[in-house]
Amino acid sequence: VKALNLSYSENFKFAKNKIWNSFHTIEISSCTGTPENPLNISNNFISGTESIVTLNSNEHLLFANNSVFGNSDAGVASTYGNTNTQIFNNIFYQNDPAGNIFNIAFTEDESDFDYNCLYSNGAYAIDFGETSYIDLNYEEYKTQTNREANGISTQPNFTIPGEDLHT
């Protein structure tokens, strides 16, 4: 069951929520914002066990200031074919050592990732286009994807990982 599933919507804001779910917590697909009024997903606590956040074929979307906790071998966040999408100033935490941080389906995906805190209890595994990178350290991840120029990797020390995502 998805906690939030939006398709073909325009100019929405989803903010200040605590979302715990077991599968596909948030899926946003084929939604459209504008440069002046982007789709806005911000200031949320999001936790789940598989495909926690999926952003698919959106235009003008801002995903910012969220804390996202994953605990499965699936990706914490997946992006597919987005344009003019900013993924800024979030905490992405992968608790499962075998899990991916990101699944970025196409190397031409125009999502801009920066100023995020990424943390993994394993390697920084990602799927990027047709290539899977399994045992990357954080600096290798940044080099291979050309993302997160200003990002950091540090243990966020959540109050209760998976439940209370205050740091």
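Tutor: Two strands pair if DSSP finds at least two bridges between them. Keep that in mind as we look at this predicted model.

Student: Which residue in E14 is the bridge partner of Ile87?

Tutor: Start with strand E11, which covers residues 83-88. Four bridges join E11 to E14, and the two strands run parallel. In E14, the residue bridged to Ile87 is Phe113.

Student: What is the order of the strands in the open sheet?

Tutor: Strands of a sheet pair through backbone hydrogen bonds, either parallel or antiparallel. Here five strands make up the open sheet, and the pairing is parallel. From one strand to the next, the twist averages 10°. The order is E2-E5-E8-E11-E14.

Student: Which strands stand at the edges of that sheet?

Tutor: Look for strands with a single partner strand, so that one side is left without a neighbour in the sheet. Two strands fit, one at residues 13-15 and one at 111-114. They are E2 and E14.

Student: Is Gln86 buried, partly exposed or exposed, and what is its relative accessibility?

Tutor: Gln86 sits in strand E11. Buried means under 20% relative accessible area and exposed means over 50%. Gln86 falls in between, so this residue counts as partly exposed, at 35%.

Student: How far apart in space are Gln86 and Leu62, C-alpha to C-alpha?

Tutor: Setting aside neighbours within four places in sequence, Gln86 is in contact with Leu61, Leu62, Phe63 and Asp112. Along the sequence, Gln86 and Leu62 are 24 residues apart. In space, their C-alpha atoms are separated by 4.9 Å.

Student: Which strand gives the most residues to the largest nonpolar core?

Tutor: In soluble globular proteins, nonpolar side chains tend to be buried together. This core has 30 residues, and Ile28, Phe63, Phe92 and Phe102 touch the most other members. Several elements each supply at least two residues, including strand E4 (26-29), strand E8 (59-64) and helix H1 (138-145). The top contributor, with three residues, is E13.

Student: How many residues are in the other core, the one with Tyr93 and Phe158?

Tutor: This core lies apart from the largest one. Cys117 and Tyr119 are also among its members. At 9% relative accessibility, Cys117 counts as buried. The number of residues in this core is eight.

Student: How many disulfides does the count come to?

Tutor: A disulfide is a covalent bond between the sulfur atoms of two cysteines. The rule used here asks for a pair of cysteine sulfur atoms within 2.5 Å. Cys31 is buried, with a relative accessible area of 1%. By that rule, the count of disulfides is zero.

Key
Residues are numbered from 1 along each chain as its sequence is written. This is a predicted model: local features need pLDDT of at least 70, side-chain atom pairs count only at pLDDT 80 or more; totals for chains, interfaces and linings use all residues. Side-chain values use heavy atoms; hydrogens and water are left out. A nonpolar core is a set of buried Ala, Val, Leu, Ile, Met, Phe, Trp, Tyr and Cys residues joined through side-chain atoms within 4.5 Å. Buried means under 20% relative accessible area, exposed over 50%, partly exposed in between (1.4 Å probe, protein chains only). Axes are lines fitted to C-alpha atoms, for helices over the stretch in contact, and angles run from 0 to 180 degrees between N-to-C directions. Contact means heavy atoms within 4.5 Å.
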